[in-house]
Amino acid sequence: MRLVLIGPPGCGKGTLSSFIVKEYGTPHISTGDIFREHRASGSSFGQKIASYIDRGELVPDELVLDVVFDRLGRPDCAKGFIFDGFPRTLQQAEALQERLHKAGKPLDAVVAFEVPDEILVGRLVTRRVCPNCNAVYNIKNCPPKVENTCDQCQHELVHRPDDHEDVIKSRLEVYRRSTEPLIDYYKGLGLLVTLDGSQGSQEVDRQFSVLAAKFS
């Protein structure tokens with residue numbers, strides 16, 4: 001299956017991605033992860049990416065797409081992929097759609113999460129992450145076994161600066177302004193399906209499994 005997951009911060013995209021990877025074996029493609037991989041390896045892509053990021057500039061869409069399609073060329077993506085956090089803008093979505101069709105890899109669906117803002121804020125202010133292995137916890141609903149300690153690698157958990165309430169509200173405004181228009185775009189293409197992300201992860205996984213039966 002070839003999917004794009006769209007939703008505001010804290011909607012559950014990462015949790016659902018983990019479920020899809022485990023259940024269906026579909027690789028999860030994150031531009032942030034790819035950027036970090038290329039920078040760490042010192043590849044030509046990594047050097048180009050660093051030249052923009054180090055100047056505090058956004059990586060141009062064309063370069064982002066080049067990096068993404070380099071990743072899609074690996075063997076594990078032969079039968080599908082999940083995009084999480086990309087595309088972020090209408091321009092990126094249009095360019096991605098064009099390239100995917102040229103490559104003969106059109107999207108099967110775009111999954112949009114619907115979650116009220118008050119639930120998103122509540123989730124994010126109680127979220128804690130492991131800076132070592134990237135595991136995610138919620139001190140209210142899914143706490144670690146030992147307070148403030150990662151279950152997987154025993155590293156100390158952190159409360160990310162962008163998970164404080166005032167920053168969260170700004171992030172949601174940015175999402176509404178730049179990313180939400182993608183919903184109308186993909187709806188117009190007949191690709192959009194929605195999930196009620198306000199439910200717990202098990203219910204979201206169940207909803208997705210019902211949807212996946214239609215396009216997997």
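Partly exposed, for today, means a relative accessible area between the buried limit of 20% and the exposed limit of 50%. Asparagine 148 fits that class, because its relative accessible area is 32%. I'll come back to that residue. One caution before the tour: this is a predicted model.

Start with the whole protein. The secondary structure comes to nine helices and seven strands. The radius of gyration is 17 Å, close to the 17 Å that the globule rule gives for 216 residues, so the protein is as compact as a globular protein of that length. Along the principal axes, the C-alpha trace spans about 50 × 40 × 35 Å. Of the 216 residues, 42% are buried. The accessible surface is about 11,600 Å², and carbon and sulfur atoms account for 50% of that. Now the contacts. Take those between residues at least 6 apart in sequence: 68% of them join residues at least 24 apart.

Next, the sheet. In what order do the strands of the open sheet run? The order is E2-E3-E1-E4-E7, five strands with parallel pairing. Strand E2, residues 28-29, and E7 stand at the edges. Each has a single partner strand, so one side of each is left without a neighbour in the sheet.

Look at strand E4, residues 109-114. Five of its six residues are buried, so the strand is largely enclosed by the rest of the structure. What does E4 pair with? Take E1 to begin with, residues 2-6: four bridges join E1 to E4, and the two run parallel. Leucine 5 stands opposite valine 111 there. Then E7, residues 192-196: E4 and E7 pair over five bridges, again in the parallel sense. Two facing pairs to find on screen. Valine 110 of E4 stands opposite leucine 192 in E7. Glutamate 114 stands opposite aspartate 196 in E7. As a reminder, side chains in a regular strand alternate between the two faces of the sheet.

On to the aromatics. A search of the whole structure finds five aromatic pairs. One of them is phenylalanine 81 with phenylalanine 83, a tilted pair, 5.0 Å centre to centre with 55° between the planes. Both of those phenylalanines are buried. Tyrosine 185 and tyrosine 186 make an edge-to-face pair, at 5.1 Å centre to centre and 65° between the planes. Those two tyrosines are buried as well. Ring pairs also link Phe19, Tyr24 and Phe208 into a cluster.

Now the cysteines. How many disulfides does the structure hold? Zero. Why is cysteine 130 not bonded to cysteine 153? The two sulfurs are 3.4 Å apart, which is too far for a bond; the cut-off for a disulfide is 2.5 Å. Cysteine 153 is the closest cysteine to cysteine 130, sulfur to sulfur. Cysteine 142 is in no disulfide either, and its nearest cysteine sulfur, in cysteine 150, is 11 Å away. Are these two residues buried or exposed? Cysteine 130 is buried, with a relative accessible area of 1%. Cysteine 142 is partly exposed, at 46%.

Last stop, the loops. Asparagine 132 is in the loop between strand E5, residues 127-129, and strand E6, residues 136-138. Leaving out residues up to four places away in sequence, asparagine 132 touches Cys153 and His155. Leucine 157 is 25 residues from asparagine 132 in sequence, yet the C-alpha to C-alpha distance is 8.8 Å.

Back to asparagine 148, as promised. Asparagine 148 lies in the loop between E6 and helix H7, residues 165-179. Its phi is positive, about 60°, although the residue is not a glycine. For context, most residues other than glycine have a negative phi. Which other residue of the E6 to H7 loop is worth a look? Glutamine 154 lies in that loop. Phi of glutamine 154 is near 65°, again a positive value in a residue other than glycine. Glutamine 154 is exposed, with a relative accessible area of 54%, whereas asparagine 148 is partly exposed at 32%.

That's the tour. Questions, please.

Conventions. Residues numbered from 1 in each chain as written. Predicted model: local features only at pLDDT ≥ 70, side-chain atom pairs only at ≥ 80, totals over all residues. Heavy atoms only, no water. Buried < 20%, exposed > 50% of the residue type's maximum accessible area, 1.4 Å probe, protein only. Pairing = 2+ DSSP bridges. Rg over C-alpha atoms; globule rule 2.2 N^0.38 Å. Contact = heavy atoms within 4.5 Å. Areas by Shrake-Rupley, 256 points an atom, 1.4 Å probe, with all protein chains shown as cover. Phe/Tyr/Trp six-rings, centres within 6.5 Å; stacked < 30°, edge-to-face > 60°.
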